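Student: Please take a close look at the ligand site in this model. What holds the ligand, and what surrounds it?

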Amino acid sequence: MPIDHKQPYDDSNIFARILRGELPCRKVLETDHALAFHDINPVAAVHVLVIPKGAYVSWDDFAATAPEAEIAGFVRAIGETARLVGAEPQGYRILANSGKRAGQEVPHLHVHLFGGQPLGPMLAR
Ligand code: AMP
């Protein structure tokens, strides 16, 4: 039997509320498939979140269940966001915490985009 990767989605999460316009955000980019906005608690000079508009909990959920147009749209939106905030061509890092053990707090898939400064080693040792 195939594994069902679709995870139950709680549409009261904070990013779902931003997508519905119930909460404000500092928008960088909006496309058919994605929204990019500044993180409310930045940990780098540039810290932007890029989220798919669809209801996906995590990277696994998205990668396994999203239609290809949504995956392509999301990946392209990340690249375009990097250009819009000047992180490209300077250099930047993208990161997705997937699951509680990785530190994912908001159960709607998001990619962090960090830039605007030298970023140092990937993980503290
Ligand atoms: P994670 O720990 O990977 O789930 O990251 C969640 C991120 O969402 C954190 O970096 C928070 O600072 C950020 N965040 C939480 N609420 C908001 C909000 N209303 N607007 C923008 N960023 C937010």
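Tutor: Start with the backbone. In this predicted model, a polar backbone atom of Ile40 lies 3.1 Å from a nitrogen atom of the ligand. Two side chains make polar contacts as well. Asn97 places a polar side-chain atom 2.9 Å from a ligand oxygen atom. For His112, a polar side-chain atom is likewise 2.9 Å from an oxygen atom of the ligand. Now the surface. The ligand on its own exposes 500 Å². Of that area, the protein buries 85%. The site itself is the largest pocket, and the ligand sits in it.

Next, the shell. It holds 15 residues around the ligand. Asn97 and His112 are among the closest, together with Asp39, Glu105 and His110. By class, the shell has 6 nonpolar, 7 polar and 2 charged residues. Helix H1 (14-19) gives at least two residues to this shell. Strand S2 (34-38) also gives at least two.

Then the wider setting. An unreviewed UniProt entry places the feature "domain: HIT" at residues 14-124. Helix is 31% of that span, and strand is 23%. Its end C-alpha atoms are 28 Å apart.

One backbone detail is worth checking in the same model. The peptide bond from Glu88 to Pro89 is cis. Its omega is near 20°. Most peptide bonds are trans. Pro89 belongs to helix H4, which covers residues 87-90.

To recap the contacts: Ile40 meets a ligand nitrogen through its backbone, while Asn97 meets a ligand oxygen through its side chain, and His112 also meets a ligand oxygen through its side chain.

Methods. Residues are numbered from 1 along each chain as its sequence is written. This is a predicted model: local features need pLDDT of at least 70, side-chain atom pairs count only at pLDDT 80 or more; totals for chains, interfaces and linings use all residues. Side-chain values use heavy atoms; hydrogens and water are left out. A residue is near a molecule or strand if one of its heavy atoms lies within 4 Å of it. A polar contact is a pair of N or O atoms within 3.5 Å; within protein, one must be able to donate a hydrogen and the other to accept it, and residues adjacent in sequence count only if both atoms are side-chain atoms. Accessible areas come from the Shrake-Rupley method with a 1.4 Å probe; for residues, only the protein chains shown count as cover. On a 1 Å grid over the protein atoms alone, a cavity is a set of points where a 1.4 Å probe fits but cannot get out, and a pocket is an open set with protein on both sides within 12 Å along at least five of seven lines; lining residues have an atom within 4 Å of a point. A molecule sits in a cavity or pocket if more than half of its atoms lie within 2 Å of its grid points. Helices (H or I, at least four residues) and strands (E, at least two) are DSSP runs, numbered from the N terminus. Ala, Val, Leu, Ile, Met, Phe, Trp, Tyr, Cys and Pro count as nonpolar, Asp, Glu, Lys and Arg as charged, and the others, Gly among them, as polar. UniProt positions are given in the numbering used here, feature names are shortened, and annotations may be inferred rather than shown by experiment.
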